[in-house]
Amino acid sequence: MAEYTPGIPAEAEDTGPKKSFWGHLTDLRAALIRSVVAIGIALVLCLFLSQWIVKVLEYPLQRMHMFEKPKRTVTLEIGDTKLGPFDVSREVFPGLPEGDSKSVVLRVGVTQVGKEQVATLTVDPAAKPADSADIRLHNFGPTEGFLVAFHVAIYAALAVSSPFWIFFMGGFILPALNLKERSVIFSWLLWSGFLFFAGVLSTYFVLLPVALRASVKYSELLGFSWQDWRADEYINFVCKFIFGMGLGFQFPLIVLFLVKIGILTHAHLTKYRRHVAVLSLILGAVLTTPEVVTQVAMAIPLYVLYEVCIWIAWYWERKKRRAEGEPSI
């Protein structure tokens, strides 16, 4: 195989001038500067959109009860202020209206009875129950509002600007590869992107609500109040969990790459099942937050993906033996 200099295609190595070390360093610096500028522009835009991004990150709170049977709830509405929803039953609150509706909005008003003013409760059929979950997010300091917005913008900017900084860094790396190597890199990048988004979406819609609900149940078991959370801690928890799962889902690519280059085999993968179970828990602590709920929530899908790698490695070895004319197992 012909050798080639990083930054120059292998086919063109003998036909064009070679770049010096400082020339490659200049190209790398330009790629890094462009990437930082792209992230900075995205950061400024996300700061203006932080209010809507926070609403997106709060959505898993509303799905905490998705695997539970719906309960009868009541929301009290006083002017423009909504209190609740509160879990109630007809035995505790006999004034509930008849019917099978699981959510009721009661408007608090005042009426004159003689010389006295009496509070009234009327059912508002057009009103919708409060979207808020049982948990309320709070800022407990004068600077926390800005810190929350900045943290949200940082995470969102890295995600939004990813096509640009990947393009800039790819423009520095790809010239060092020949056509075959580029096609392999592109195929692996496509699978990497697919697994990353699969990890992010499955975490956002399924694993994160389950983890939040488990955290609430654990607080109830310990006898602690759980209705009020610090906004900054919640945002960091959600973002680390989501991005951590996206990175964790790259684990199968690493395993299959080691199989492809011959370092690991199907027999090795089968032998190290128990080790991978422990490794999945460790990755859950490193890539997300170091507590049991998120570790287990991340370890389970990672181990399932490892089992998929075992079957893929078996198929690759079987295909290779057939191509070489050996009997398949």
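Ile-173 sits in helix 4 of this predicted model. Its relative accessibility is 48%, so Ile-173 counts as partly exposed. The residue is paired in space with a distant part of the chain. Ile-173 and Leu-28 are separated by 145 residues in sequence, yet their C-alpha atoms lie 9.0 Å apart.

Such long-range pairing can be placed against the contacts of the protein as a whole. Among contacts between residues at least 6 apart in sequence, 70% join residues at least 24 apart. The fold comprises 10 helices and 6 strands. Of the 329 residues, 31% count as buried.

Helix 4 spans residues 162-173 and contributes two or more residues to the lining of the largest pocket. Helix 2, helix 3, helix 5 and helix 6 do so as well. The pocket has a volume of about 1200 Å³. Its lining is made up of 34 residues. Ser-162, Trp-165, Ile-166, Phe-196 and Phe-197 lie nearest the pocket centre. Helix 5, residues 179-222, supplies the largest share of the lining, with 11 residues. By class, the lining holds 29 nonpolar and 5 polar residues. No charged residue takes part in the lining.

Two of the helices that line the pocket, helix 3 and helix 6, are also linked by contacts of Asn-236. Asn-236 is found in helix 6. With a relative accessible area of 18%, below the 20% cut-off, Asn-236 is buried. Beyond four places in sequence, Asn-236 touches His-151 and Tyr-155. Helix 3 covers residues 144-160, and Tyr-155 is one of its buried residues. Glu-144, Val-148, Ala-149, Val-152, Ala-153, Ala-156 and Ala-157 are likewise buried in helix 3. An α-helix has 3.6 residues a turn, so residues three or four places apart point the same way. Helix 3 has 17 residues. From its first C-alpha to its last, helix 3 reaches 24 Å, close to the 24 Å expected at 1.5 Å a residue.

Helix 10 shows a similar agreement with the expected span. This helix runs over residues 292-323 and has 32 residues. Its end-to-end C-alpha reach is 46 Å, close to the 46 Å expected at 1.5 Å a residue. Gly-325 follows helix 10 and has a positive phi, near 80°. Within helix 10 lies Val-296. At 38% relative accessibility, Val-296 counts as partly exposed, because the value falls between the 20% and 50% cut-offs. Val-296 and Ile-282 are 14 residues apart in sequence. In space, their C-alpha atoms are 9.9 Å apart.

Confidence varies along the chain. The mean pLDDT of the protein is 79. A pLDDT of 70 or more is reached by 80% of the residues. Among the helices and strands, helix 2 has the highest confidence, at a mean of 89. Helix 2 covers residues 50-62 and is among the elements that line the largest pocket. Strand 2, residues 81-87, has the lowest, at a mean of 70. Over residues 1-16, pLDDT stays under 50. For this stretch the model has 28 contacts beyond four places in sequence. Where pLDDT is low, the predicted coordinates should not be read in detail.

Technical notes. Residues are numbered from 1 along each chain as its sequence is written. This is a predicted model: local features need pLDDT of at least 70, side-chain atom pairs count only at pLDDT 80 or more; totals for chains, interfaces and linings use all residues. Side-chain values use heavy atoms; hydrogens and water are left out. pLDDT is the predictor's confidence in each residue, from 0 to 100. Helices (H or I, at least four residues) and strands (E, at least two) are DSSP runs, numbered from the N terminus. Contact means heavy atoms within 4.5 Å. On a 1 Å grid over the protein atoms alone, a cavity is a set of points where a 1.4 Å probe fits but cannot get out, and a pocket is an open set with protein on both sides within 12 Å along at least five of seven lines; lining residues have an atom within 4 Å of a point. Grid points are joined across faces, edges and corners, and a volume is the space filled by probe spheres set on the points. Ala, Val, Leu, Ile, Met, Phe, Trp, Tyr, Cys and Pro count as nonpolar, Asp, Glu, Lys and Arg as charged, and the others, Gly among them, as polar. Buried means under 20% relative accessible area, exposed over 50%, partly exposed in between (1.4 Å probe, protein chains only). The expected span of a helix is 1.5 Å times one less than its number of residues.
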